[in-house]
Amino acid sequence: QVWVYDANECTAPNGTATSQALTAPINLAPLSNMTGGGGTLREGLAAGTYTITLHCGSTLTATVHISTTRRAALTPAGAAATGDGSAEDHLGIGDAAVGSAFLLGGLAFGTASFIRRRRAGARG
């Protein structure tokens, strides 16, 4: 999952965010003090840099950097092999990857918004 916010730069309260990295466009809607929405990254997404474009009255862009890690196949042991219904209580590599993608996406979008705002201030 990935969440996109406009950092108060949209000129319309609604819109969409599009990217090759997304399974479908994200519908942007008014939030407490900004415009945003959530979407899903494509499964099997190759490592690389992807652009997310927000269409919300104004057109904003952000860059998201995706890194992937291959893991070896694991053979179940203990509870998983016995099928007793128990589960371990820790985050797996999938949870870490989603969290990392979310964090990197937020940092990239925040950086892009900050740079855009600085450039706009320098012109004015």
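# Exercises on a six-stranded sheet

S5 and S6 run antiparallel and are joined by nine bridges. Two strands count as paired if DSSP finds at least two bridges between them. Strands themselves (E, at least two residues) and helices (H or I, at least four residues) are DSSP runs, numbered from the N terminus.

This is a predicted model, in which local features need pLDDT of at least 70 and side-chain atom pairs count only at pLDDT 80 or more, while totals for chains, interfaces and linings use all residues. Residues are numbered from 1 along each chain as its sequence is written, and side-chain values use heavy atoms, with hydrogens and water left out.

## Exercise 1: Get an overview

Task: Find the helices and strands, and state what pattern they follow along the sequence.

Solution:
- Step 1. The protein chain holds two helices and six strands.
- Step 2. Their pattern along the sequence is β-β-β-β-β-β-α-α.
- Step 3. Of the 124 residues in the protein chain, 25% are buried. Here buried means under 20% relative accessible area, exposed means over 50%, and partly exposed lies in between (1.4 Å probe, protein chains only).
- Step 4. Among contacts (heavy atoms within 4.5 Å), consider those in the protein chain with a separation of 6 or more: residues 24 or more positions apart account for 55% of them.

## Exercise 2: Put the strands in order

Task: Work out in which order the six strands lie in the sheet, and which strands stand at the edges.

Solution:
- Step 1. The open sheet has the order S1-S4-S3-S2-S5-S6, and its pairing is antiparallel.
- Step 2. S1 and strand S6 (58–66) stand at the edges with a single partner strand each, so one side of each has no neighbour in the sheet.
- Step 3. From one strand to the next, the twist averages 25°. For such angles, axes are lines fitted to C-alpha atoms (for helices over the stretch in contact), and the angles run from 0 to 180 degrees between N-to-C directions.

## Exercise 3: Walk across the sheet

Task: For each pair of neighbouring strands, say how many bridges join them, and pick a residue pair to look at.

Solution:
- Step 1. Begin with S1 and S4, which are antiparallel and joined by four bridges. Trp3 has Gly38 in S4 as its bridge partner.
- Step 2. S4 and S3 are antiparallel too, with two bridges. Ala29 stands opposite Gly36 in S4, and a hairpin of four residues joins S3 to S4.
- Step 3. Strand S2 (residues 15–18) has three bridges to S3, running antiparallel. Look at Thr16 with its partner Asn27 in S3, then at Ala17 with its partner Ile26 in S3.
- Step 4. S2 is also joined to S5, antiparallel, by three bridges. Thr18 stands opposite Thr53 in S5.
- Step 5. Finish at S5 and S6 with their nine bridges. Tyr50 stands opposite Val64 in S6. In the hairpin of these strands one residue lies between them, and Gly57 takes a positive phi near 85°.

## Exercise 4: Two faces of S1

Task: Decide which side chains of strand S1 are buried, and find what residues make the nonpolar surface patch of about 290 Å².

Solution:
- Step 1. In S1 (residues 2–5) the side chains alternate: Val2 and Val4 point to one face and are buried, whereas Trp3 and Tyr5 point to the other and are not.
- Step 2. Trp3 and Tyr5 make the patch together with Leu31.
- Step 3. Leu31 sits in the loop between strand S3 (26–30) and strand S4 (35–39), and Leu31 is partly exposed, at a relative accessible area of 40%.
- Step 4. A patch takes residues with over 30% relative accessible area and no salt bridge, joining like charges within 9 Å and nonpolar side chains (Val, Leu, Ile, Met, Phe, Trp, Tyr) within 5 Å. A salt bridge is a side-chain nitrogen of Lys or Arg within 4 Å of a carboxyl oxygen of Asp or Glu. Areas come from the Shrake-Rupley method with a 1.4 Å probe, and for residues only the protein chains shown count as cover.

## Exercise 5: Thr49 and two loop residues

Task: Say where Thr49 lies and which residues Thr49 touches, then look at phi in Ala7 and Asn8.

Solution:
- Step 1. Thr49 belongs to strand S5 (residues 48–56) and counts as exposed at 52% relative accessibility.
- Step 2. Leaving out residues up to four places away in sequence, Thr49 touches Thr63, Val64 and His65. Thr49 and Thr63 are 14 residues apart in sequence and 6.6 Å apart in space, C-alpha to C-alpha.
- Step 3. Most residues other than glycine have a negative phi.
- Step 4. Ala7, in the loop between S1 and S2, has a positive phi of about 55°. Asn8, also found in the loop between S1 and S2, has a positive phi near 60°.
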